[in-house]
Amino acid sequence: MPARARILVVEDEPRLAELLRLYLERDGHAVTVVGDGRAAIAALDAEPVDLVVLDLMLPGVSGEAVLAAIRDRGETPVLIASAKRSDIERIAGLRMGADDYLAKPFNPHELTARVAAVLRRSRGAGSPATAVGVLDPDAAPLSFDGGRLVVDPVSRRYTLTAPDEPRAAGRLTPGELGLLAALARRAGAVLTRDQLLEVVTRRPDEVYDRVIDVHVANLRRKLGDDASQPWLIETIPQTGYRLVATRDPG
């Protein structure tokens with residue numbers, strides 16, 4: 001079980017909020033509960049947390065606006081727990097930067113398991129990158145195409161030096177790092193969405209394989225990769241993806 005974490009629960013239904021507090025505190029976490037978006041943003045400004053459990057249908061400031069505010073402030077992991085259940089709504093939440101999405105109604109035991117998984121990935125313990133045997137906490141940075149892209153597995157920071165463009169830098173999410181690491185381990189080979197899903201989510205029974213498409217889209221946006229003329233990741237129709245960039249020795 002991950003070490004004690006500070007968790008902010010943003011939920012406007014009092015009985016559910018109290019139930020989540022009970023289950024998360026039973027797992028040893030320190031839990032703060034707020035019932036609307038404005039209070040959530042104020043709580044985040046008052047004290048940093050390790051993870052946010054976020055409802056989307058909130059009074060006043062929407063959950064989507066809260067998620068945007070969280071991402072403006074950094075990389076705090078976010079687990080959306082919402083009655084919005086459609087694939088389109090889930091994809092939208094993941095594209096905005098959520099680390100996982102759980103549709104209501106749900107079993108509180110499933111939520112605590114998802115919380116534990118997100119915390120493990122965000123802290124690097126049993127992270128996707130380590131799980132596929134590519135990176136470990138002491139690994140040297142991954143470098144591609146003669147230093148065009150360099151990724152530090154510890155901080156998840158990357159630097160990108162694209163031809164005829166200013167140097168760019170940023171940070172990958174744990175899921176994005178896990179996906180890139182899995183593709184790098186078998187550079188040139190096609191990995192199916194199911195294979196990548198097991199690496200990224202650590203839930204081989206997960207049927208929501210659009211999660212992988214969202215991670216690839218986010219990676220492409222951050223790293224200047226064009227799906228029609230890819231330098232980094234090629235889409236294999238009806239199958240999955242493969243890394244087309246050259247991994248540098250090291």
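**Exercise 1. Is Asp213 buried or exposed?**

Work from the predicted model.

Solution.
- Place the residue. Asp213 sits in helix 9, residues 210-223.
- Read its accessibility. The relative value for Asp213 is 17%.
- Apply the cut-off. Buried means under 20%.
- Conclude. Asp213 counts as buried because its relative accessibility is 17%.
- List its partners. Leaving out residues up to four places away in sequence, Asp213 touches Arg193 and Tyr241.

**Exercise 2. Check the span of helix 7, then describe its burial.**

Solution.
- Count the residues. Helix 7 covers residues 174-185, twelve residues.
- Compute the expectation. The rule is 1.5 Å times one less than the number of residues. For helix 7 this gives 16 Å.
- Compare with the model. The end C-alpha atoms of helix 7 are 16 Å apart, which agrees.
- Turn to burial. Eleven of the twelve residues of helix 7 are buried, so the helix is mostly covered.
- Name some of them. The buried residues of helix 7 include Pro174, Gly175, Glu176 and Leu177.

**Exercise 3. Which parts of the chain does the salt bridge between Lys222 and Glu176 tie together?**

Solution.
- Confirm the pair. A salt bridge needs nitrogen and carboxyl oxygen within 4 Å. The side chains of Lys222 and Glu176 meet at 2.7 Å, N to O.
- Locate the ends. Lys222 lies in helix 9 and Glu176 in helix 7, so the pair ties together parts that are 46 residues apart in sequence.
- Grade each end. Lys222 is partly exposed, at 24% relative accessibility. Glu176 is buried, with a relative accessible area of 2%.

**Exercise 4. Analyse the salt bridge between Glu64 and Lys84.**

Solution.
- Take the distance. The N to O value for Glu64 and Lys84 is 2.8 Å.
- Locate the ends. This pair links distant parts of the chain, 20 residues apart. Glu64 belongs to helix 3 (residues 63-73). Lys84 belongs to the loop between strand 4 (78-82) and helix 4 (87-95).
- Grade each end. Glu64 is partly exposed at 24% relative accessibility. Lys84 is also partly exposed, with a relative accessible area of 22%.

**Exercise 5. How many salt bridges does the model contain?**

Solution.
- Give the total. The count comes to 14 salt bridges.
- Examine one pair. In Arg220 and Asp225, the closest N and O atoms are 3.5 Å apart.
- Grade each end. Arg220 is buried, with a relative accessible area of 11%. Asp225 is buried, with a relative accessible area of 7%.
- Look for shared partners. Glu11, Asp55 and Lys104 are joined into one network by salt bridges that share partners.

How values were computed. Residues numbered from 1 in each chain as written. Predicted model: local features only at pLDDT ≥ 70, side-chain atom pairs only at ≥ 80, totals over all residues. Heavy atoms only, no water. Helix = DSSP H or I, 4+ residues; strand = E, 2+ residues; numbered from the N terminus. Buried < 20%, exposed > 50% of the residue type's maximum accessible area, 1.4 Å probe, protein only. Contact = heavy atoms within 4.5 Å.
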